[in-house]
Each structure stands twice: as structure tokens, then as C-alpha cells.
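Colleague: Please take one salt bridge apart for me and set it beside others of its kind, then finish with the metal site. Attach the cut-offs to the terms as you go.

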Amino acid sequence: MIRACALAAALFVAAGSLQTPEQFVGHRVAADNTLVRWDKIVEYMKLAAANSDRVRYRELGKTSSGNPFIALEISSPDTLKNLDHFKQLERKLYFQGGAPTDAERDAIFREGKLVLLITCSIHATEIGASQMSLELVHRLATEDSPAVKKILDNVIFVLVPSLNPDGQILVTDWFNRNNGTPYQNSPIPYLYHPYVGHDNNRDMYMFTQKESQYTAQLIWHDWFPTVWLDEHQMGSNAARIFVMPATDPINPNVHPLIYRWNGILGQSQAAALEAAGKEGIIYNSTYTNFWEGAMAWSGWFHNEIGLLTEVASANVAAPIDQNRARPGQPPPPAQGRSEGGRGQNFAGGPLPAPTDITPRTEYPRPWMGGHWTLRDIVDYELIATMALLETAADRRETINRQIYEVNRQTIDAAKTADVKAIVVPIEKQHDPREAAHLVDRLHVGGVDVYRADTAFDVDGTHYAAGTFVIPMNQVFARYAKDMVEKQTYPEVRRGPNAPPEPPYDVTAWSLGMLLGVDVVLSKEAVPASAKLTRIDTLPAMPGSVSGSGSRFAFDDKGPDTAIAINRLLKDGARVSFDAPSHVVVSNASKSSLESLAKEFGLQVTASADSRTPPPAMRTIKAPRVAMYQPWTGGNMDEGWTRWVLEQYGFNLTSIHNEDVRKGDLRKRFDAIILADQDPRAIVNGFDAPQIRPEYRGGIGDAGVDSLKAFLAQGGTLITMGNACDLAIERLPIPVRDLKRGLTRDQHFAPGTILRLEVDTQHPLGYGVAADTYGFYINSPFFQLVEGFNSQHTAVVARYPNTDVVASGWLKGEELMAGRAAVVAIDMNPGRVVLFGLRPQHRAQTHATFPMLFNALYQSTIAGPASGATAPSTQP
Ligand SMILES: [Zn+2]
């Protein structure tokens, strides 16, 4: 309320004359050790919109933590008055609602604007761009220079001042808390997003997070910008700014024009920075042109010119110093601090001098070291941003004409392409609900998805009515194809005898494999007789309750069943498995089963409850789950796991080092999850004088003892990825991690989809397809060794004996053939589950989610996870 009054007063006083950001916040933007917090940025943007007829303010929704996620639309007053008209022209440029007529096309070229999106500071410690946006908006709102006039006349500029407002607040508050204390350099101990931390820039095809969803809505359903710049920061000790183009390999699904304009527009930014006398501008380095999932990169597959800038980081808002390089002399021995990553340096003292000091085409004026501040970051970003806006204004008609050609060619190419449609059948899918999720994700990504009202044949195969169809004669066909086909990563070698360069990020995202859905790339177009209906919401699968009686049964297939099971458990139902992947429910109402059947497409059979109920060993309860959350900068795998479990209706409690050390865990929990993390980091954590005392250290040996006691009292310890090594090292379990000790030359997988064989008779394999796919990223794979007779060790999932790799790049495939991916060890008492692969990787791997869910359910059953088939040793 107070804020609203203050704002109203400010509007009255300042109407028509927008305050400068400096007047508004009381200090120069980006002055040393100052940050403008998100709420203040939002307030200023509202003020700008209220005081300028060049600026419009929009709230697109609330973030994960309930903060406003906003966008500004900035252009000339005349354009803003007719914004819907220009939006329609832009949508026609992207063939929305069909191809433009010749007259419409000519109108787009003649009067259409260049729609340009800039998104800022998705990685919250890379905070400069969110600060820069204040001065940028003030300048565009108030300046009457020829450059600004040209920009406003030709460009509709859509600005997202932060893609991660929650993180902006977390980082600002953390910085202010420590500023001027001995903990000035204390790294932020938790993720800078409520769930996913740095991985928020890996979500632009699954769209799990609200921020990704708002962005997808803005760019592929609303504005369709032709140019999109995402502003980041990088490490502190080399180049000052990276501009486009990025480096090899390229992706063959991207139209070559996109890569050309990456070069032209990126170089226009570099030229402006050179003209301003700035040092250390580099292109063609580090960031590869191949992968899906990052913000601006995802634009390429949508015929949008996606661009990246990465500016060298200060220590968030604190300045840093770097020793100067001495050309021709060997660098002095490294001393002082080491570099702690983007936007944060953990130790004191100057950084070692830069070593990349050879001038060359991509880097004609190398950075030689010196003083570097948040203000420097903002200055570089202001120059680079204004340069992009100005070049875009200069090239408005050319870019629109060429993007029109790219869109037209993309649609025309379907006539002669090898793939004419993507067909997603409903019949014969392991879990038809996942087919619906797959097309729903593509729809969020802007793809036109249809459902066939009648049966049809293509490529000699018959498909039933209800089959999903994605014709390739659509503007985002490149994206749809890239998302569902098998990825082949083109190896890059810098010399004939050089080893292949490791990919920058994951090399596989084949959506059908991740979700466990069979997808057909058809050579023939779907016949017109199939009568296609466009779908705009998540398609429902038919579900119902048949029969009568108070005992209900349904098949446990795929992850969505867990939501139904968790709701039933919450309502006090008795839920059991009477056979592998078969659920029996009693003590529940028919109406609740009917609504679950409808929502999740379950075929439920009701019968009289006269049969003997399944024994207690097959009856599950709502699991009490503890999720270990370390302080070492947070753990993204932990955040993703937490997010997945919340989405599927599990109750979980986050526990920290002191909770583990304190012990007595079995009273509170059935299962404890350790997400992917180096065991040494789990045990030791971070310990240094500059770290705040409450965040120092790990679980320690006392914590390991607590976990042993938890097992001895019948608890289930679930370890994922590298955390498996903690169990292997500290517990007498008969498992060896074969990944350990292998060099990068012998075995390396930066993110690959592998074939997986699952024991669906084992309770941890319930609901999973026997032959499916798992996501693997440099984590353990296992061999069984000698174990105790009192233990029962089961391989729940294994890699096949041949053809392990299904999609993407992996070095050393033969080492994984026939090896174990998921192992469950009944310790008698207690149970250890080792997930070598990532069962819930970035919330994308629906095909393997059920193994994690099953491990939680089975933790509520006393005795071995022997389920319906394995012999029980229990009395
Ligand atoms: Zn970044």
C-alpha cells in the first residue's frame, strides 16, 4: 500500500519527465558494491511506462516464488498506439494462420517493424544486464538523438529485464548481507532459482519452469521476434565480452541464414565496442552452435536470429583486479585467488594475469588484465545493446525479407523432404499419456499439432483415429524435427591429429526417447482424408471405471500413475501391488477413482472385495522422503529432483548437513535421497575462512554414521549419479563403479541417451517399459562383485550388450555394454538404491521417472523389495 502511494506521488510529480535511474535509486547504477533489487527495477519500469509514450509495461505472470515476471514493449508512440496491427504483421511474417497473401507480404516489408527481443540475467549472479536495463530504458524513453529516433521508428523492442527475478532477489540479498563483512566473497550457498539454478538455461524444450513457459508464450505464441539477444556473463580472467558468431559444430536443422545473421549482428556489436575503444572482444569461441535447450539458441530452430553476449564478471557487484599480462615474458607464478566461476570469486587477492593474449581475427585486441567493475560490465552491455538495436533498425526491411524467405523455404521444403510428417500414435504406446505430453511440449514450443479424426495409412502403416500428426509444411518444422529425431553430434577436431573436442553441453534431447514414446518420421504426407484437427491444450486420454464393487485395479504404466497413487494414499486408500505393474486399491470411493481415471486416462476395473487382500509386503504407504540439500552453491540435481517429486505429488522434506549429522533419521523418514554430487563434497562441503560459518562443511563422518544407522533401522538410501560412490565407498555393498579411474580419453559422455533394459518384474521396474531409454551424463555405471549371503542384490536396469548409444555422442561405448545402470541392494535390514544414470534428469526423462518413484514407494514396505515375484525371507 505504502509503495503504491509513493508510486502515485512519483507519477504526479514526474509526469512527462522520467527520473533518471540514478535519481530513482539514489546512486549511480552499477556503482561499486551496489545492486538494484528486482522490486525496485519493476517499480522503475512501471514509472517509465507511466511517464513515456514510448514504453509499455506488461506482467506476463508470477515467477516460481510469486514475483512479477515482466516485459516492456518499446517503440515510437505511433507504433505503440497501433501495436496490435504491427503484431499481426509480425505474426504473418511467421506464417501464423497461414501464408501471407502477396499484399500482406508487401505490407510486412513496407511498414512492418523489426521485432527484437532482449532477455537479461537468466543466471542471477550474472547480474549486470538487469542493472543495465534501467539505463537502457531511460535512454530509449527520453533521448531524442537520431540513433534513438531511428530505433524507435523501425524497431519494436521487447525487453525482459530479468529471466530469473527470483534469482535476482536471492543474489542481491545475499550480496547485501555480506557486503563489507569478512564474508564479502562468500559464495551464495543455495541455487539462484527456487528449483533449477543454472539449468534454467537448459529448459527451452521441456518448459518445466514458469519462467521458461512465459518466455515460450512471449516468443512463439505472441510476438515472434526475428532477433533475440540473451545477455549473460562469463568467467573473469580472459576476454571481456563474447559476441556472436559462436563456434563449431553447427546444427544441420538450423537454416544457414541464421548463422550468417549471427555473424553480422554480433560483429556489429563488436564494431561498436571497438569504436568505443574497448578491449578484449572475442567471437568464435567456447559456445558451440549445436545444442537445443538454451534460451537464445532455441530461437534458431524457429527461424529467429538468436544471439548471445557474455561479459566478463566482476565479483557480483564488487570490483576485482587482475594482474597485467607481460607479452614476451613467462607469466608470474599464480598467486592469490583462483577463479570461482561466473560472477563469483571466492578467494581474495588479484586474479592471475590473462594467458590468452595473442591478437588474431576473432580477438584482435586481447584483454591484458587490470581493474574490472560492475560498471564496466554495464558499459559494455549498453554499447553492445544499443549497437544491436541500431543495426536492426538499419536493416529492418532486409532482415524481414530474408526471414520471410527462410520461413517460406522451410514450409516449401516439406514437399521434397525425406520427412513429411511426424506421426505419434496412441495405440501400442507403453504409456499413451506420454504421447500427449510429447505433443503438448511441442505445442508450447510453437509447433502446430493436429489430431486425426479418422484412421489413415502412411508408409504402409495403419494409424487409428486419435493419432497425433505434425505436418512438416509448417514454419517451425525445423524445431519439431530436431526435437524428435536421433541426434548425431558432428565431432570437431582442431587439427588432423587432434582429439575430438568435447561438446559444450548435452548432445541428445530426442523427446520420444526421453518420454518413452514411439515417434514415427513418415516419408509420406498424411492423406487429406485423415481430417486433421488442430489441438491447443494437453489432449486428454480416455479413462473410465468399469464393473462394480469396492476393489479397484489398474495398470501401473508410466509416471503419471504416481500422481493418482499419491492422491489415493493421501485420502487414506489402501494401495497394493498384486502383480508387477498392477495396482489394487481398496478403501476408496468409486467417484474418486472415476475422477482419477478421467484425469489420467486410467482404465480402472472395479470388482467385489471378496478376494484375499495382497499381503502387507505388497502394500505401500505415502513415503516420508528426505531430500539432502547441500550448501555448496546448491545442487541443481537436487533442485530438479525436488521439483519432479513435488509435481508428482510426493511429500518431501529438505534436510541439511546438521540434520544428517544429528541422526535419528529413521523416525522421520522412510527414504533419504542424495542427488548427484561428488561424495567428497557431500562429506566435506566447503570450508574456508571467507565462507559464512553456518554454511561451512558437509555431513562429515558423523553424517555418514547417521546414514548407516538409518539403514540399520530399515531405511532406504537412494543415491544418484556420483553420490552412488559415497555408498560404494562407505558401505559393504557388492558393487564396483566402473566409471571411476577412466580418463576422458577412455570414456566421456557430456549428455547422451542410452538404451536401457529394465527388469519389470522387480518392484523398482514397475511401470517402466522393458526396453526403454535412459539419460546418461558422466556418472557411474556398475559391475557386481562378491556380496554377503544376507544381502540381496538386484540389477534393476542395465545397458544392452550391443548398441548402447541411442542418441547423441559418447566416447567409450563398449565399456558400458552389458553393465548395470540401476542396482538395488537389500541390506537386511535397510536398502540402498544406486541410480548410475539420471532417472529424473532436468525433469525430462519421463521414461525412467517411475524407477525413482518405485524406490520411494518400496521404502515404505518392511523387508526386502521382493515384491510379487522374488522369494521372501521374511517370516
Ligand atoms: Zn550465463
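Modeller: I start with arginine 375, which is buried because its relative accessible area is 10% (buried means under 20%, exposed over 50%, and partly exposed in between, with a 1.4 Å probe and protein chains only). The model is a predicted one, in which local features need pLDDT of at least 70 and side-chain atom pairs count only at pLDDT 80 or more, while totals for chains, interfaces and linings use all residues. Residues are numbered from 1 along each chain as its sequence is written, and side-chain values use heavy atoms, with hydrogens and water left out.

The partner of arginine 375 is aspartate 379, and the closest N and O atoms of this salt bridge are 2.9 Å apart (a side-chain nitrogen of Lys or Arg within 4 Å of a carboxyl oxygen of Asp or Glu). Both residues belong to helix H13, which covers residues 374-394 (helices, H or I with at least four residues, and strands, E with at least two, are DSSP runs numbered from the N terminus). A spacing of 4 residues puts arginine 375 and aspartate 379 about one turn of the helix from each other. Aspartate 379 has a relative accessible area of 22%, so this residue counts as partly exposed, whereas arginine 375, at 10%, is buried.

The whole structure holds 49 salt bridges, and side chains of opposite charge can pair when their charged atoms come close. Arginine 177 and glutamate 694 form one of the 49, with an N to O distance of 2.8 Å. This pair connects distant parts of the chain, since its members are 517 residues apart. Arginine 177 sits in helix H9 (residues 165-178), and glutamate 694 in the loop that runs between helix H22 (679-684) and helix H23 (700-712). Glutamate 694 is partly exposed because its relative accessibility is 39%, and arginine 177 is put in the partly exposed class by its value of 37%.

Arginine 534 and aspartate 536 form a further salt bridge, in which the closest N and O atoms are 3.4 Å apart. Arginine 534 has 40% relative accessible area and is therefore partly exposed; aspartate 536, with 45%, is partly exposed as well. Elsewhere, salt bridges join Arg58, Glu73, Lys87 and Asp222 into a network.

That leaves the zinc ion. Its protein donors are His123 through ND1, Glu126 through OE, listed twice, and His232 through ND1, at distances of 2.1 to 2.6 Å (donors are N, O and S atoms within 2.8 Å of the metal, or 3.2 Å for Na, K and Ca; water is not among the atoms, so the site may look incomplete). Along the sequence, the spacing of the donor residues reads H-x2-E-x105-H. Glutamate 126 belongs to the loop between strand S3 (114-120) and helix H7 (128-142), and histidine 232 to strand S5 (residues 227-234), so this pair ties together parts of the chain 106 residues apart in sequence. Glutamate 126 and histidine 232 are both buried.

The angles between the 4 donor atoms around the zinc ion run from 53 to 151°, and the arrangement is therefore irregular (four donors are tetrahedral if all angles lie between 85 and 135 degrees, square planar if opposite donors are over 155 degrees apart and all others between 65 and 115, and otherwise irregular).

Key. Tetrahedral: all angles 85-135°; square planar, octahedral: opposite > 155°, others 65-115°.
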